[in-house]
Amino acid sequence: MKQKIALLIRLREEDKKLIEELAKRYDISEADIVRIALKEFIERHEVKVSS
């Protein structure tokens, strides 16, 4: 299993609430919501990420 890296991001209160609501709706963690959103953004914009 790959080691996880912690990341600190600053959000406006309304952004945090949106993430909380999505996490509750889909019964997944807030971190998963952020990961999914980031992956979808990368795919949509055809960003190439080197490992």
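Author: Helices (H or I, at least four residues) and strands (E, at least two) are DSSP runs, numbered from the N terminus. The model is predicted, so local features need pLDDT of at least 70 and side-chain atom pairs pLDDT 80 or more, while totals for chains, interfaces and linings use all residues. Residues are numbered from 1 along each chain as its sequence is written, and side-chain values use heavy atoms, leaving out hydrogens and water.

Reader: Where along the chain is R12 found?
Author: The helix to use as a reference is α1, which covers residues 13-26. R12 is found in the segment before α1.

Reader: Does R12 count as buried or exposed?
Author: The terms rest on relative accessible area: buried is under 20%, exposed is over 50%, and partly exposed is in between (1.4 Å probe, protein chains only). R12 has a relative accessibility of 54%. That value is over 50%, so R12 counts as exposed.

Reader: Which residues are linked with R12 in a network of salt bridges?
Author: A salt bridge here is a side-chain nitrogen of Lys or Arg within 4 Å of a carboxyl oxygen of Asp or Glu. R12 meets E14 in such a bridge, at 3.2 Å from N to O. R12 also forms a salt bridge with D15, where the closest N and O atoms are 3.4 Å apart. The network therefore links R12 with E14 and D15.

Reader: What accessibility class do the partners E14 and D15 fall into?
Author: E14 has a relative accessibility of 43%, and D15 has 22%. Both values lie in between 20% and 50%, so E14 and D15 count as partly exposed.

Reader: Which side chain meets K16 in a salt bridge?
Author: Side chains of opposite charge can pair when their charged atoms come close. For K16, the N to O distance in its bridge is 2.2 Å. The side chain at the other end of this salt bridge is that of E30.

Reader: How many residues apart in sequence are the parts that K16 and E30 tie together?
Author: The side chains of K16 and E30 meet in a salt bridge. K16 lies in helix α1 and E30 in helix α2, so the pair ties together parts of the chain. In sequence, these parts are 14 residues apart.

Reader: Are K16 and E30 exposed or partly exposed?
Author: K16 has a relative accessible area of 32%. E30 stands at 31% relative accessibility. Neither value is over 50% or under 20%, so K16 and E30 are partly exposed.

Reader: How many salt bridges are there by this rule?
Author: Those described above include R12 with E14, R12 with D15, and K16 with E30. By this rule the count for the model comes to six.

Reader: What is phi of D27, and where is D27 found?
Author: D27 is exposed, with a relative accessible area of 71%. D27 is a residue other than glycine, yet its phi is positive, near 55 degrees. Its place is the loop between α1 and α2.

Reader: What is phi of E46?
Author: E46 is in the segment after α2. At 63% relative accessibility, E46 counts as exposed. E46 is not a glycine, although its phi is positive, at about 50 degrees.

Reader: What class of accessibility does I9 have?
Author: I9 is in the segment before α1. Its relative accessible area is 42%. Since this value is over 20% and under 50%, I9 is partly exposed.

Reader: Which element gives the most to the lining of the largest pocket?
Author: A pocket is an open set of points on a 1 Å grid over the protein atoms alone, where a 1.4 Å probe fits, with protein on both sides within 12 Å along at least five of seven lines; lining residues have an atom within 4 Å of a point. Here 14 residues line the largest pocket, and I5, A6, L7, V34 and R35 lie nearest its centre. The elements that give two or more residues to this lining are α1 (13-26) and α2 (30-44). With five residues, the element that gives the most is α2.

Reader: What separates the C-alpha atoms of R12 and S50, and of K16 and K48?
Author: R12 and S50 are 38 residues apart along the chain, and their C-alpha atoms are separated by 30 Å. K16 and K48 are 32 residues apart along the chain, and their C-alpha atoms are separated by 28 Å.
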